[in-house]
Amino acid sequence: MNRPQILIARAIFPEIIAKLAQHFEVTSNQDDVLWTQPQMIEQLAGKQGVFTTGGERIDAALLAACPALKICANMAVGYNNFDLDAMTAAGVLATNAPDVLTETTADFGFALLMATARRMAESEHFLRAGLWTRWRYDLFAGGDIHGATLGILGMGRIGQGIAKRGAHGFGMKVIYHNRSRLDAATESACQASYVSKEELLKTADHLVLVLPYSAQSHHAIGAAELARMKPGATLVNIARGGIVDDAALATALRDGVIAAAGLDVFEGEPKVHPELLTLPNVVLTPHIASATLPTRLAMANLAADNLIGYLIGNRPLTPLNAVGRS
Ligand code: GLV
């Protein structure tokens, strides 16, 4: 019997290619070429599965051009690169890679919060530039983390991980806003209180964004929301570009509307709004919140196991929709 054909759309761990090759005819992209959509469609000809990494757009046009496709397995927990409705309509299964990255990503969210509030990047650049000539009482004085109010917008698994770090590790008061309120036991485990978005913006000393990107969350933080935050507040975005209006944020940071921001994701990344690059009070990282090798390997294994589970055993591990054309 012919083995199913799959495409791995980006460079990936060699052991993942070897694992997939035990079950499939694999075409991989170890040169990590960023294919245009027509090139992607060409590569997908005759393939039943595709391993995506979160940046490859799967939409109605691509699905119509790839009738053999049965499953798209994202090596990311976020899946805003998938048009899920179009995939469901086309009978194509979507899977993501949740859970395995939760703690690593929460670690990074907390690291970015601390680096931002305590001005680590700005002060390190100062030192490297040879500008450090003496101690000074207010040199790079930042905002405290311990005892401060931590606001979390989007209280899924990663948000909860950040809440626990803040409450249990740093004695922070934790408040959150989410589409739906958590049950009492989860709130208690996170020591987190549910508040309105308005209250969250007004009260948080540090606001961390961990909500999924969608049409509804587009520019959830724009000029109006930034204006409601405390002037000394810090904002951290480890969710997705587009949740923050980056142009409005740059203006707010320049004008001192809020104190500082830490950003791991950007509108139109890998491009970064040029004004953000010129501001000292923003810490910028290249979408690396889940980037430890063990976690990236676990994410890749989960995406691979979804392909194997579905195309070989008809049993995906982490499906996002309830369809399939077998
Ligand atoms: C990373 O951004 C992910 O969604 O896994």
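**Sheet, salt bridges and a surface patch**

Q: In what order do the seven strands of the open sheet stand?
A: The pairing in this open sheet is parallel, and two strands pair if DSSP finds at least two bridges between them. Strands (E, at least two residues) and helices (H or I, at least four) are DSSP runs, numbered from the N terminus. The seven strands stand in the order β8-β7-β6-β9-β10-β11-β12.

This is a predicted model, in which local features need pLDDT of at least 70 and side-chain atom pairs count only at pLDDT 80 or more, while totals for chains, interfaces and linings use all residues. Residues are numbered from 1 along each chain as its sequence is written, and side-chain values use heavy atoms, with hydrogens and water left out.

Q: Which strands stand at the edges of the sheet?
A: A strand at the edge has a single partner strand, so one side of it is left without a neighbour in the sheet. The strands in that position are β8 (192-194) and β12 (282-284).

Q: Which residue in β10 stands opposite H206?
A: Strand β9 (residues 206-209) pairs with strand β10 (residues 234-237) in the parallel sense over four bridges. The residue in β10 opposite H206 is T234.

Q: What angle does the direction of helix α5 make with that of β10?
A: Helix α5 (residues 102-117) packs on the sheet and touches β6, β9, β10, β11 (260-263) and β12; contact means heavy atoms within 4.5 Å. Axes are lines fitted to C-alpha atoms, for helices over the stretch in contact, and angles run from 0 to 180 degrees between N-to-C directions. The angle with β10 is about 150 degrees.

Q: How far apart in sequence are the parts that R10 and D32 tie together?
A: R10 forms a salt bridge with D32, that is, a side-chain nitrogen of Lys or Arg within 4 Å of a carboxyl oxygen of Asp or Glu. R10 lies in the loop between β1 (5-8) and α1 (14-21), and D32 in the loop between β2 (25-27) and α2 (37-43), so the parts tied together are 22 residues apart.

Q: Is E187 buried or exposed?
A: The side chains of E187 and R181 meet in a salt bridge. Buried means under 20% relative accessible area, exposed over 50%, and partly exposed in between (1.4 Å probe, protein chains only). R181, at 54%, counts as exposed. At 10% relative accessibility, E187 counts as buried.
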